[in-house]
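I'm opening a fresh notebook page for this one. Short entries, in the order I looked things up.

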Amino acid sequence: MVVAAVSDRELFKVDLRGIVDVLSNHLYSTPTVFVRELLQNAVDAITARRIVEPAHRGEIAIRVVGSGGGATVTFEDDGIGLDENDVRVFLSTIGQSSKGDAPTDFLGQFGIGILSCFVVSDEVTLVTRKAGADRSIRWVGHSDGTYELGVMKATAPVGTAVYLRPKPEGEPLFNAETILDLARKYGELLPIEITFSDERGSESFAGEPLPWDGMNLANASHLARILEYGETIFAQPMMAAIPIRSEDADATGVAFLLAEPKAAHVPDDHRAYLRRMLVSSNLSGLTPDWAYFVRCVVNANNLRPTAGREAFYEDSRLESFREEIGATIRRWLDATAREDPDLMAQFIGIHYMPLKALASQDAEFYEMFARWLPFEGTRGRSPLGDYLESGRPLHYVSDHDAYRQLAGVARSLGIELLDGGYSYDSQLLSMAGQLIGREIKPLDDDFLLKRLADPAPEDADHAATFMADATRVLASFRARPVLKEFEPAAVPALLSLSAEIAYGRHMRASREVALPLFADVLDAVATDLPDSVPLLVFNTRNALVRALFRDLGKKRELAIKLLYVHALMLAHQPLSVSELELLQDATLELLMQGVTVRPPAD
Amino acid sequence: MATEVDDFLREGALMPYGSERVRLHAEAVRVADLHQDLEAGFKARQQLIQSANLGGDPNLALVAFAWCLGQHDADPKRFPANGGGYFTNLLWMYKWVVERAIEHPAISRAKVDELLADMARRYTAGGFSLRPVRKLELQSAVTAQEAERIPAAMAEWLRLRRDSLSDCMACDVDMTSAAHLATHDLKLAREAAKPIFELRMTCAEVPTVTYGRFLLPLSRSGDDEEAQRLAHLLPRKIGINRDYVTPAGALVVYLVERRSRPALPTAQRHATWALVGETPLRRVTLMIGLAKASRLARDMGRGEDSLGILLPNEPATSFAEAEERMTQEAMKVAAAFDARNGHDRFSSTVSKHLAGDGEWWWPL
């Protein structure tokens, strides 16, 4: 390829409107950030002036005159100011930051803060005088990418004043209430006093120590004050406060324990400040995932913000900070469990669900909390510790229906049975043996076969033909009969259903309606299931079952089928199409045959 | 009844993806079926498919999907394919089902082709792009380690238009990087995955699956810093969701090879995921990891320590007992895939990994 004559090197041309579009649509999440950016510039200017004048206190003034289209908003500071060269280099050159070689002292790093004003204003006027200079500079920037720069005849105070008038899209923001709210939101913890004034008067805020500085939670009034602060900023009741400190992140703060339950999926909304400027009031990812029950407010001096300064960059320092917060919360929980059981019980009562989730995946938490966590069972709803201290054998079942079916049987056997049908409960109960040395066994087929009493020999003899019929009939439902005697006598039969068997039933229900294309696929995945056959455990103490020991011909077969379906229904299991048909047909046939069953005279 | 079904669905939706969410949505299905309410059963199963697919129980998702598709074909008006959201759209969910079918060695290639053809027919009938179908064909080549098919399959996928049924950009970028890894091009794979590593693209499973896929290739290539960073991020990302059994397996292998302090505890934490839950393909990395962890435990004199419960209703297994079992299970999965695919690439690769010689381009 032949290359034509090459031009001299040229500079990229920047379309300011395009840059502003990128900022407003892709970098900043809200147009209100101009308030933060202007406050940031003011704080940085005062910080710069304090470097050369250590005694300089510094003040920021915000004024709003008018509202809507006719409003003017002014941000003024008595910081270091800018000279003509500074204005040309830092204001009129996009991407150039004035923060030099010591970026960690300053809030802004990216040199694009002033551009945020063009999201809401077509014209930004800046009047400034640098400390030590005798000339005041006036700079007017326009959203079309042009600017004017001039030396003023009048002498402005040392510092900088930025004047904004809204463009149509910015008008809703340009009123006293909104600007004051935004200034408070972003700047209320800044170390420099901010004075806001409008036509009605003025008020000051900021310039105070952090609300949690010098906090002593052992002091009841301090605790009350900090809890009130937490409840105000998070608009939720709080039950406790935990101080946070990190040397590496140079951060302090408070973790508040919520006094109401919170669902795991609701995003966190922690409040985070960077060098006392608000980063976000709904920051997620600040605490470990398991800490659903806390809301944190922190100020960090040594975490890195993202480009939009609305979150922290996900780096190893943030990860460490997160782990430190997690460790702090764990230490508090551990200490509270040992020293304040009432507070601990209150905490568990509110947050047991996330604690159960946590304990299910963290052995240390399991050991710390397991005994406090509530479980439903034959002692009612009680902490696991109460069940462990009962001295009786402990078992659990994995669903409510199995529990309802077996609770009475368990009581008659002197067993404590726990209902593992609630979220995480089965998993937690299964872990007890490994983690706290107390085995809590599932009440499975093995239990039913071993713990339930075998029938008296004479009953077993009488039942021989019944059992032969039951084996044959139940084979067509992939079930197996077993004969036992148990209380309560009113229960004719129990159906044992493990998770694998329930899965198999689910599979068969799908096969009944699945397309032929999927039949082979279902067969293929069925090979992943362990081969499990449900047991139908007949109760020789039940009058109906005993009646069936007699030779009743075809009626016995029908009765066995009905008892099987009855056991399914008692276990709240959905009936398949074939089982529904069986129920219908068997009931009809019995009605037609006019079955009469009297209990044997014994 | 409708309230009870909705209660279970709502409670499940509050849980993070994982076994508890699946259990609650399965309860919703049970209650609906108990009352013979087919519409409620259809709605509950759509939620269950999503929860099970993203919560590490793809078999359950497939079983529920088969029921839903059967009902839809029998009465499309009563059981519409489009539930109003992506994750309740049968055509969207069909992608998940075929993806898992590709990863299950008991499902023949001919059957996978039939499923793809049926999926393509439905997509065409609905006026949708066949991009997802072609992506699954690429995925088939990648999982079968048939690198020779990958370039053409990738080109065919990428030339098709995106529409509302196409995967998100993050998933597509993840697939592109996976395809480059499968052709042993780490440089191109890293280049492709850049938006994911810079967190400019994320979704439900990305970047977790991406981090898991890159951990070992990066470590093997000598990029220890990046591998360490991923290893540091992965535990929190994986959490308790069995869907991430492959990244969990990669993490175990990485930590074991470095003889890191968290190696054995990490193996213990995920042991129950190795033999049940996700598809065999997704679990085989963890099987390899647990075999290696068991060897490490033995070397450290901790062979009698408990690895954990490998299957429900089994007592806990020690590291010593688990080593042979995991080795056999991994080779069994590899043999099953080879039998399906008609070559021995899986067995050869898994053998190398178990011996410590593997380069970790696969499993992905």
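Is A:D198 buried or exposed? I checked, keeping in mind that this is a predicted model. A:D198 comes out buried, because its relative accessible area is 17% and the cut-off for buried is under 20%.

**Entry 1: salt bridges**

I started with A:D198 since its side chain meets that of A:R200 in a salt bridge, 2.9 Å from N to O. The partner sits differently: A:R200 counts as exposed, at 66% relative accessibility.

Next I looked up A:R338 and A:D334, whose side chains form a salt bridge at 3.6 Å, N to O. I found both in helix 6 of chain A (residues 316-339), 4 residues apart, or about one turn of the helix. A:R338 is exposed at 56% relative accessible area, while A:D334 is partly exposed at 30%.

Then I went looking across the chains. The side chains of A:D520 and B:K111 meet in a salt bridge of 3.2 Å, N to O. A:D520 belongs to helix 16 of chain A (residues 516-526) and B:K111 to helix 6 of chain B (residues 109-125), so this pair joins two chains. I noted A:D520 as partly exposed, with 44% relative accessible area, and B:K111 as buried, at 7%.

I also found a network: salt bridges with shared partners link A:D469, A:R472, A:K554, A:R556, A:E557 and A:K561 into one group. Over all chains, the count of salt bridges comes to 69.

**Entry 2: a charged patch**

Where does negative charge gather on the surface? I found a patch made of A:D122, A:E123, A:D144, A:E148, A:E169 and A:E171. I picked A:D144 for a closer look. A:D144 is in the loop between strand 4 (136-142) and strand 5 (147-151) of chain A, and it is partly exposed, with a relative accessible area of 47%.

**Entry 3: strand 3 and its partners**

I moved on to strand 3 of chain A (residues 123-129). Of its 7 residues, 6 are buried, so the strand is largely enclosed by the rest of the structure.

On pairing, I noted that strand 3 of chain A runs antiparallel to strand 4 of chain A, with 7 bridges joining them. Here A:V124 stands opposite A:G141 of strand 4. The hairpin of these two strands has 6 residues between them, and in it A:G132 takes a positive phi near 95 degrees.

Strand 3 of chain A is also joined by 7 bridges to strand 6 of chain A (residues 159-165), again running antiparallel. In that pair I looked up A:L126, whose bridge partner in strand 6 is A:V162.

**Entry 4: a sheet of 3 strands**

What is the strand order in the open sheet of 3 strands? I read it as 17-16-18 in chain A, with parallel pairing. Strand 17 (416-419) and strand 18 (441-442) stand at the edges with a single partner strand each, so one side of each has no neighbour in the sheet.

Strand 16 of chain A (residues 394-397) is joined to strand 18 by 2 bridges. One residue I followed was A:H395, whose bridge partner in strand 18 is A:K441.

For strand 17 of chain A I chose A:L418. A:L418 is buried, with a relative accessible area of 0%. In sequence, A:L418 and A:H395 are 23 residues apart, yet in space their C-alpha atoms are 6.1 Å apart.

**Entry 5: backbone oddities**

I ended with the backbone. Most peptide bonds are trans, and most residues other than glycine have a negative phi. I wrote down some exceptions.

The peptide bond from A:E487 to A:P488 is cis, with omega near -5 degrees. A:P488 is in the loop between strand 19 (480-484) and strand 20 (493-495) of chain A. In chain B, a cis peptide bond joins B:V206 and B:P207, with omega about 20 degrees. B:P207 lies in the loop between helix 10 (186-197) and helix 11 (208-221) of chain B.

As for phi, A:A206 has a positive value of about 65 degrees although it is not a glycine. I located A:A206 in the loop between strand 8 (201-205) and helix 5 (220-234) of chain A, where it is buried at 9% relative accessible area. A:D250 has a positive phi too, near 50 degrees. Its loop runs between strand 9 (238-246) and strand 10 (251-258) of chain A, and A:D250 is partly exposed, at 41%.

Key: Residues are numbered from 1 along each chain as its sequence is written. Chains are lettered from A and ligands numbered from 1 in the order in which they are written. This is a predicted model: local features need pLDDT of at least 70, side-chain atom pairs count only at pLDDT 80 or more; totals for chains, interfaces and linings use all residues. Side-chain values use heavy atoms; hydrogens and water are left out. Patches are made of residues with over 30% relative accessible area and no salt bridge: like charges are joined within 9 Å, nonpolar side chains (Val, Leu, Ile, Met, Phe, Trp, Tyr) within 5 Å. Accessible areas come from the Shrake-Rupley method with a 1.4 Å probe; for residues, only the protein chains shown count as cover. A salt bridge is a side-chain nitrogen of Lys or Arg within 4 Å of a carboxyl oxygen of Asp or Glu. Lys and Arg count as positive and Asp and Glu as negative; His and the chain ends are not counted. The place of a charge is taken as NZ of Lys, CZ of Arg, CG of Asp or CD of Glu. Buried means under 20% relative accessible area, exposed over 50%, partly exposed in between (1.4 Å probe, protein chains only). Two strands pair if DSSP finds at least two bridges between them.
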